[in-house]
Amino acid sequence: MISSNYYYVVTLVIVLISNVPCEAQLSSTFYDSTCPNALSTIRTSIRQAVLRERRMAASLVRLHFHDCFVQGCDGSILLDDTTGERVALQNNNSVRGFEVVEAAKQAVEAICPGVVSCADVLAVAARDATVAVGGQSWTVKLGRRDSTTAATRAQAESDLPRGSDSLQTLISNFANKNLNEREMVALSGSHTIGQARCVTFRARIYGNTNINPGFAIMRQRQCPQTGGDNNLAPLDLVTPNSFDNNYFRNLVELKGLLASDQVLFSNGSSDSIVQGYINNPRSFQSDFGAAMIKMGDIEPLTGGNGIIRRTCGSAN
Ligand code: HEM
Ligand SMILES: *[C@@H]1O[C@H](CO)[C@@H](O)[C@H](O)[C@H]1NC(C)=O
Ligand SMILES: *[C@@H]1O[C@H](CO)[C@@H](O)[C@H](O)[C@H]1NC(C)=O
């Protein structure tokens with residue numbers, strides 16, 4: 001009798017424990033009952049912003065990437081902070097779109113105050129921005145909560161890749177975030193939109209040998225050896241405002257703008273992935289969406305962790 005009760009209790013405890021997830025999972029239906037119009041509200045806001053300025057699509061995708069890679073997708077990059085991750089080498093005078101995320105967040109606050117996190121607004125914004133410039137959609141998982149603090153500048157500088165990185169460095173940098181080589185190449189494909197500053201590609205257009213000579217000369221015109229650090233050039237010279245596979249086509253012509261772009265097609269292990277995305281543009285679009293979902297899963301704050309910020313720029 002005693003022993004059968006004992007086994008009953010042990011079994012019950014095991015059943016209960018196994019039903020408690022170690023970590024709360026993100027879910028695409030997270031706001032369905034608490035804020036059913038959240039997603040359509042964000043979409044309207046992002047569409048308007050991209051109509052005003054096409055480049056904003058690129059800036060929002062990058063903002064989500066830089067949020068997720070540093071301390072997880074916790075909206076930390078949105079915190080207005082003058083000493084932390086925002087001023088890291090890869091972010092300072094470079095990341096943009098904060099006011100667009102804040103406007104989308106305030107539109108959501110107006111219908112459901114205190115419900116939807118800034119980290120989620122940004123994840124949805126990145127998807128809607130991609131779609132607004134011709135990319136294929138994906139289902140965004142939701143339920144992230146916001147951090148109360150920004151990451152340090154040092155952490156951001158070590159976690160975020162650099163335009164001068166080698167293929168091996170890029171592969172291990174993404175592997176640190178549970179993204180494989182193929183996912184790294186697919187995600188780099190978002191350089192099919194947006195702009196880069198002269199300071200990020202100067203060394204390549206004056207020094208590298210694996211560059212199309214005509215392309216190097218064209219870029220040198222707006223990017224002198226000294227000065228003009230902030231002069232912009234499109235990452236995809238063919239269709240800088242469309243989310244297509246021209247980024248990969250450029251690489252085989254040695255017209256990648258950043259050194260980190262061209263290393264993806266430089267007689268290395270990723271050449272075949274690049275060629276695959278040229279041969280089959282739809283495989284790029286679907287791999288990109290899948291990789292964005294995986295990137296959006298990096299160390300989210302869920303359940304009782306983190307907060308729902310009222311404004312994205314401050315932790316209240
Ligand atoms: C593979 C490693 C990567 C490196 C080394 C890299 C580096 C860079 C650099 C140096 C710039 C120009 C920044 C400036 O001029 O200040 C840039 C721009 C950009 N990056 Fe990346 N990036 C990488 C991966 C990614 C990923 C994974 C995404 C998104 C999924 C992304 C999205 C973008 C976008 C959209 C822009 C243009 C932003 C704008 O016009 O505002 N990049 N990247
Ligand atoms: C960031 O950029 C601003 C404006 O150019 C500059 O004053 C500041 O020193 C930079 N911060 C860091 C940490 O490099
Ligand atoms: C790959 O190697 C070949 C033969 O050495 C060379 O001609 C070519 O320029 C290289 N391609 C790239 C992209 O480095």
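Helix axes are here lines fitted to C-alpha atoms over the stretch in contact, and the angle between two of them, from 0 to 180 degrees, is taken between their N-to-C directions. In this predicted model, the axes of helix α2 (residues 38-52) and helix α5 (residues 118-132) come within 9 Å and cross at roughly 50°. That angle makes α2 oblique to α5, and the crossing in which α2 passes α5 is right-handed.

On the α2 side the contact is made by Leu 39, Ile 42, Arg 43, Ile 46, Arg 47 and Val 50, while α5 contributes Val 121, Val 124, Ala 125, Asp 128, Ala 129 and Ala 132. Divided by residue class, the contact of α2 with α5 holds nine nonpolar residues, three charged ones and no polar ones.

The surroundings of ligand 1 are made up of 27 residues, of which Ser 59, Ser 94, Leu 187, Gly 194 and Arg 197 come nearest. At least two residues of this shell are supplied by each of α3 (55-69), α8 (181-188) and β1 (195-197), and α3 gives the most, with six residues. Because domain 1 (38-159) and domain 2 (167-295) both give residues to the shell, ligand 1 lies between them.

The residue classes of the two sets, the shell and the helix contact, are set out below.

| Set of residues | Nonpolar | Polar | Charged |
|---|---|---|---|
| Shell around ligand 1 | 11 residues | 10 residues | six residues |
| Contact of α2 with α5 | nine residues | no residues | three residues |

How values were computed. Residues numbered from 1 in each chain as written. Chains lettered and ligands numbered in written order. Predicted model: local features only at pLDDT ≥ 70, side-chain atom pairs only at ≥ 80, totals over all residues. Near = placed C-beta within 6 Å. Helix = DSSP H or I, 4+ residues; strand = E, 2+ residues; numbered from the N terminus. Nonpolar A, V, L, I, M, F, W, Y, C, P; charged D, E, K, R; others polar. Domains from an automatic or database assignment. Parallel < 35°, antiparallel > 145°, perpendicular 65-115°, else oblique. Left-handed = near helix turned anticlockwise from the far one by under 90°. Contact = placed C-beta atoms within 7 Å.
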